[in-house]
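Biologist: Could you walk me through this structure? I'd like to go from the basic terms to the overall build, then on to the place where the chains meet.

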Amino acid sequence: MTRGTGGAAAIAMVLLAASTPAAGQCIAHPLAEAPGKIGIRTASVLEALVDFGQTNSVCFGIEVMDERLATTGADWRQAAPLKDLLHSALSNVEEYRFHARDRVVSISPARVGAPTWLDAKIPEFSAARRGDVQSINNLLFMDLVLVENPRHGGFAGDYLGGDPQDQIGPLNERDKSVRSLLDLIVASSKGGLWITVGRYDRSRALSSQPFWQVLEYSQPLPANLSRMRGIVREIQSAFGSQQP
Amino acid sequence: MLISSITRSISTVLVISTFPSTLFCQTRAQKPAIDSMSEMPEVLVAPLFVETAGFTSTIAMVNELNFAVTAQVVLFDRHGVQITSQTIAFPAHSREAVLVGDLLRQANSAETMGSVEVLPDPAKVVTMAIAAQLSIDGSGASLGQHIEEEFLMVGMPGSGVLRSAGGSLVSNPVVALKNTAAAAQTATISCITENGAATQQQVQLVAGGWALLSACTSSSDAAVTLIGDVLVSPDQAATDLGAFGVSVAGSGKPGTLAAFSFSWHGAARGAMLSSQNFVDAGTFRSGNTVFTGVPVGAATYLPGAFFTPQVALANFGAKPVNATVLFSRTTGSGPEPSNVATVSVPAMSSQTIALPLLTGDPGLRNSFIVQSAAAPGTLFANVAAVGAPGFGLVEQIGKDEQTTANGGGHPWDLTGGQDAVLLLFNHSAVAKYFNVKIGSGGVLWQQPYLLPPMETQAISIRELIAGQIKDHDGKLLPQSLERGEIGWFNANPAEGKGRLMQIDPASQTVAANTRVARNFSCSYTYVLCGASISPDSIALTDGGSSGTLEVSPAVCLSVSPFNCSGQSSSYGGLGYTYEWGVNGPAEVSGPYTDSTAILQGTGVGTGYFSCMVTSQYDGSYCQANPQATLIVTKPTAVAYVGQNAQGAANCPAGQSGFSRQITLQVVDQNGNPSPIQNFTMTDIITVGSPNGLGITGTQSGSLSGVSGPFLDSLYVCSSACPASSNSTTGLQTWTGNLLPLGTYNVVYKCNSITWSGH
């Protein structure tokens, strides 16, 4: 946490807090994060990201365009800064890049292609009261559906799991992309990552389920690793060689 | 295969077990105890202590039981008369040490030499649970000279002929004898030296009598009355008689005569005291002798010295013996065994074996096997490493390759900067587990080490503690721990050997060449005396998997590997043979011959599962067959558990609504919570009738890794809210791991949500 050194600094911080939700548990300068000890060996880069992220409070936004992040293993047992670990891991998975977007490490396709639903702007993303991460995430999906179909009359359903104690908000954001709002959600939380699960190019109609998932680091690591393994299976199913 | 194997075992073995939740059960060996001892009070004897001429004696003892015991330490003078005794209390798995000088002072005794007996409490110790060693250390001009004397078990069965071998003899060996019988007996001492004539002497020993004499001499007056005279280093010009062997035979019952000797071992840097621990020739079961963890060349744990191994053989038989010296060095790429010498040793002779210049592993991972086709107990071997400068003679007691002991227990001490290194050697043809236990009262750190064939492993206790290395169960040795007991065992005899090297601190004068590396290699016989399965009861779902089940042996100290009972030493260890079986609606998923197993439900009902654990030796075996209960249920439905929260929902602009978070769980056919493990719960909600809130889209969820109750957050957002009092009915259809779990009504209103009537 930044510590104010004087009255002016304190006022500036208050103003900043009024316009931007308070940062959660995602650390600043995440790419420089270099734990003293590391012992991660997983069947997929994605599981390694969960393990590293949750252990070191590094938040990720992961845009998946094929199954390689799900099918390429990771062996991170030599302590090194995150940027070196990612450089090494992604050198085996070509056509992905990484960079820090404030407190969130973005992993995304290196080539900019056709617009995706992550680029869609939400005219008004407003949560009048605090809510748990999954409810705010669900709100984002409903807002996105309304972008696709402004005449949508109502939503009903459910979502499973989540940490009721990981509360964020209130929020009031305008004309922000889905990507930046997902960053905002995980960065405001106790820490977490978001990851796309299916195909999400803008030319496709949205399905009835969000094409992304948010994992909360306040949940036990084994549970999150289990969830990521489920996501890995979904990604393999969506992008496997038999799929169009 | 599984069924036939179990049937065969049961036909020949008495299996004692209980159902449904057996913790420990044991079986009887198939083979009758041919050469086993019946349980008897343990009495240990060391024929020699010295407390004069700058030499002092320390008795280090260990308790390898997992409960507290006591033992009496009794000193006897040169006439066999008791001087004093002291009771020592041992916590479980512990080390205790006694200074002989302290005992003598407390008894106001001026005796300078004699013998020691250790008598464990016969009410509590009925096996060979206490091991002891007496170290005689020089000081002043004799600093760095030391003698290591293993206590012998009184009454051990055998031939009554005790033998030992040594090398580079530059003085007469000094033999101490103690008659533990209630009657007088005559001891005959025979000596064969490489460069001298064979000799034979006799000495009469009264009941409880003691003698100290120079061996390998034909002098009629060989008695040693002033021990200080023989503890003076011989001059450099003393004749080197080379390799030698000493044999002591008592006229009494085997096991009633104890012997020990020391001698001066010649070397360029000056003579060094050497220890000869005698072994009953009748206890050998092979012609091969194993030496574990010999320093060869530079040694990291013994810095500053370069070690040269020396091999001496004594053939006590009437026929020549062909012997081969096998050297196995372990490197980063694994063990590298090779034959480094082949010799023929004539009948009744001793011989020094010339070795080529050997390259050793600096981590002490060097072992030797002296192999021969000689009758067991005929060819005695000695391997010593001469270190220069810095360390003197690094000795150990060669072990019969086929000895019935399958482990050892040793004292360790890190005080004053000392180190203690456990050395293990797998001399068998396949990989073997060495189960290591480090104890000190309430602490017991346990870790199995798997060694490939012919591999030597060195384990520094100091490094285990400093590195805070976790054991098999995640336990740590406290950083404050400085002394204790270390035990190790293989599942079966004749698989491996081990010993502890206790190393004096490097700070203790490299310049004066006085550092010491002591050998501790007391052996134990550990038997499988029961087993347990953890957990001892499991519930799983039809088609679902259990967690990992583990069978753990109960390990006892016994008087013989043919006796599958004894006194409890520890729980846990690997290396046995295993066979898992199920009687009920489940099957073993994957391997069923490991120490762990996973079950998969194959129906619904109850039953039990078991694991037959077996140790084998020489056609006999010990078995344990613990059982545990099995319950398999079928996930059938989803049930309401309770509500977490409810209130107005966060909805898109222009809409409002309600949200409610509830807890659900999967239940079985009887409505009881189902023991699901890592289920993936999935639901689909469709809009039913009525749809008074105009819902046009539904979201539903999926959650993996569910192993119990889980959260379901229901919500509704509608442009009709908050004004409308209408409702929309949703139909929520659940699956768990693709198993159908029913469809439930969800009634959505602007200010409430009801799930299946709740």
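Modeller: Sure, and one term first: a residue counts as buried if 20 or more other C-beta atoms lie within 10 Å of its own. Keep in mind that this is a predicted model.

Biologist: With that in hand, which residues of β53(B) are buried on one side and on the other?

Modeller: In a regular strand, side chains alternate between the two faces of the sheet. Nine of the nine residues of β53(B) are buried, so the strand is largely enclosed by the rest of the structure. One side carries Phe710(B), Asp712(B), Leu714(B), Val716(B) and Ser718(B), and the other has Leu711(B), Ser713(B), Tyr715(B) and Cys717(B).

Biologist: Which strand of chain A is joined to β53(B), and by how many bridges?

Modeller: Take one residue pair to start: Leu160(A) sits opposite Asp712(B) in β53(B). The two strands run antiparallel, and the link from β53(B) goes to β8(A), with seven bridges.

Biologist: And within chain B, what does β53(B) pair with?

Modeller: Gln661(B) is found opposite Ser713(B) of β53(B). That pairing is antiparallel too and has nine bridges, and the partner is β49(B).

Biologist: Where else does β8 of chain A find a partner in chain B?

Modeller: Look at Ala156(A), whose bridge partner is Thr698(B). Here the strands run parallel, with three bridges, and the partner of β8 (residues 154–160) is β51(B).

Biologist: Zooming out to the interface, which element gives the largest share of the side of chain B that touches chain A?

Modeller: In total, 40 residues of chain B are in contact with 34 residues of chain A. Several strands supply at least two residues each to chain B's side, among them β48 (635–648), β49 (656–668) and β54 (727–736). The largest share is nine residues, and it comes from β53(B).

Biologist: How do the residues on that side of chain B divide by type?

Modeller: The charged ones number just two. The remaining groups are 22 polar and 16 nonpolar.

Biologist: What is the radius of gyration of chain B, and what does it say about the chain?

Modeller: Chain B has four helices and 56 strands. The globule rule gives 27 Å for 758 residues, and chain B is well over that, so it is more spread out than a compact globule. The C-alpha trace spans about 120 × 60 × 55 Å along its principal axes. The radius of gyration is 34 Å.

Biologist: How far apart are the centres of domain 2 and domain 3 of chain B?

Modeller: Domain 2 covers 284–524 and domain 3 covers 635–755. Between their C-alpha centres the distance is 67 Å.

Biologist: Which strands stand at the edges of the open sheet in chain B?

Modeller: The sheet has four strands in the order β14-β11-β16-β17 (chain B), with antiparallel pairing. An edge strand has a single partner, so one side of it is left without a neighbour in the sheet. At one end, five bridges join β11 to β14(B), with Val175(B) opposite Leu213(B). The edge strands are β14 (210–214) and β17 (272–277).

Biologist: Last one: is Asp175(A) buried or exposed?

Modeller: Asp175(A) belongs to strand β10 (residues 171–177) of chain A. Leaving aside neighbours within four places in sequence, Asp175(A) is in contact with Lys121(A) and Pro123(A). The cut-off for exposed is 12 or fewer C-beta neighbours. Asp175(A) has 10 inside 10 Å, so it counts as exposed.

Conventions
Residues are numbered from 1 along each chain as its sequence is written. Chains are lettered from A and ligands numbered from 1 in the order in which they are written. This is a predicted model: local features need pLDDT of at least 70, side-chain atom pairs count only at pLDDT 80 or more; totals for chains, interfaces and linings use all residues. Two residues are in contact if their C-beta atoms, placed from the backbone, lie within 7 Å. Ala, Val, Leu, Ile, Met, Phe, Trp, Tyr, Cys and Pro count as nonpolar, Asp, Glu, Lys and Arg as charged, and the others, Gly among them, as polar. Two strands pair if DSSP finds at least two bridges between them. The radius of gyration is taken over C-alpha atoms; the globule rule is 2.2 Å times the number of residues to the power 0.38. Domain bounds come from an automatic or database domain assignment.
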